[in-house]
Amino acid sequence: MKDENWDDLRLFLAVAREGGLVGAAEKTGISGPTIGRRMLALERATGHHLFVRHNKGYSLAPDGEVLLAHVRAMDAQASFIRQWNENGYCLPIVSVACDGWLALFLARHLTDIWTKDDPFRLCVKATETGVDLIFREAEIALTHQRPAAGNLASRQSVRTGYAAYATPAVAAEPEERWISIGREQASSTADRWISNQPDKWISVWTTTTPTLLELARSGAGRVVLPCLIGDTEPGLLRIGTPIEALSVDLWIAMHDDDRSRPEVRTMIDRLAALFHRKQLLFQGDATPSPAS
């Protein structure tokens, strides 16, 4: 038998378990004569005598006992596959790639873009180096540069502002001391801004955006943050107005072939709606009185 037919092997298992064609027919919904013909075809295909046929039904021949052990093992594996397929992991995944700040923002507003009842799963992929949508490293990318190459589509979203923040105690200090992302890890104009200011003294460096935020909250110094994060931190004050040179547009980008998928379209629309509702926060216009 060169190409084992799993449907025939499942019928073989039913006949072996039920001891005949009548019981197998009741279990499978396939007529007894049809099962009988297929068992005969299975014996011819394998070249093995599988059953001893008698008035009371079918019993297994020695070769049938050997095949039964193998088919039981196959059925157990098939059961695992059925369980895996039924536990929700068959749901499609929508992966949204963005920088660490936007990933934090999305995590804080999760219920605006995804719920446990959605017919898809969500991956928020935090990356400072971007993703390749052409090779499907993500379904959606939130980027500050409009995609220009390949079969990509994009939707312009909100303007994103950046400003300086510090704890009240640090903001009141006469001497400025700053926290910054290290030069080697800096991937955006905002990350490099402090390092490019010759009159700014950097007292603490770090390599990740979450650490940068925690250092600022701990009073390690002043820090440049996107307004969407800084303006919502209760322990930080904004120092001055948003830095005009750092203001940049946000784009929602996706592969052109993917945007018609229902789950991807749903996520795009939800992201766009969330950003629109929070556009004053993104721009830095949501705080009525910045600290001086």
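R136 counts as partly exposed, with a relative accessibility of 37%. The model is a predicted one, and R136 is a handy place to start looking at its backbone. This residue sits in the loop that runs between β4 (121-126) and β5. Its phi is positive, about 60°, even though R136 is not a glycine. For context, most residues other than glycine have a negative phi.

Another positive phi turns up right after helix α3: G47 follows the helix, and its phi is near 75°. The helix itself covers residues 32-46, so to speak a run of 15 residues. From first C-alpha to last, α3 reaches 21 Å, close to the 21 Å expected at 1.5 Å a residue. Which residues of α3 are buried? The set consists of G32, I35, G36, M39, L42, E43 and T46. These buried residues lie on the same side of α3, because they cover an arc of only 120° around the axis. Over on the other side of α3, the picture flips, with P33, R37 and R44 exposed.

Next come the empty spaces. Rolling a probe the size of a water molecule over the atoms shows where such space is left. The largest pocket comes out at a volume of about 830 Å³. Its lining is made up of 39 residues, and E128, T143, H144, S187 and S188 are the closest to the pocket centre. By residue class, the lining of this pocket splits into 23 nonpolar, 10 polar and six charged.

As for where that lining comes from, several helices and strands supply at least two residues each. The strands are β3 (93-98), β5 (140-143), β8 (178-181), β10 (223-226) and β12 (248-255), while the helices are α5 (100-108) and α8 (189-193). Of these, α8 gives the most to the pocket lining, namely four residues.

Closed-off space is a shorter story. The count comes to one cavity of 30 Å³ or more, and the largest cavity holds about 30 Å³ of space. Around the largest cavity are D99, W101, L102, H144, T160, Y162, P226 and L228. That lining divides into five nonpolar residues, two polar and one charged. H144 ties the two spaces together on paper: this residue is listed in the lining of the largest cavity and is also among the residues closest to the centre of the largest pocket.

Terms used. Residues numbered from 1 in each chain as written. Predicted model: local features only at pLDDT ≥ 70, side-chain atom pairs only at ≥ 80, totals over all residues. Heavy atoms only, no water. 1 Å grid on protein atoms, 1.4 Å probe; cavity = no way out; pocket = protein on both sides within 12 Å on 5 of 7 lines; lining within 4 Å. Points joined across faces, edges and corners; volume = space filled by probe spheres on them. Nonpolar A, V, L, I, M, F, W, Y, C, P; charged D, E, K, R; others polar. Buried < 20%, exposed > 50% of the residue type's maximum accessible area, 1.4 Å probe, protein only. Expected span 1.5 Å × (residues − 1). Arc of directions from axis to C-beta.
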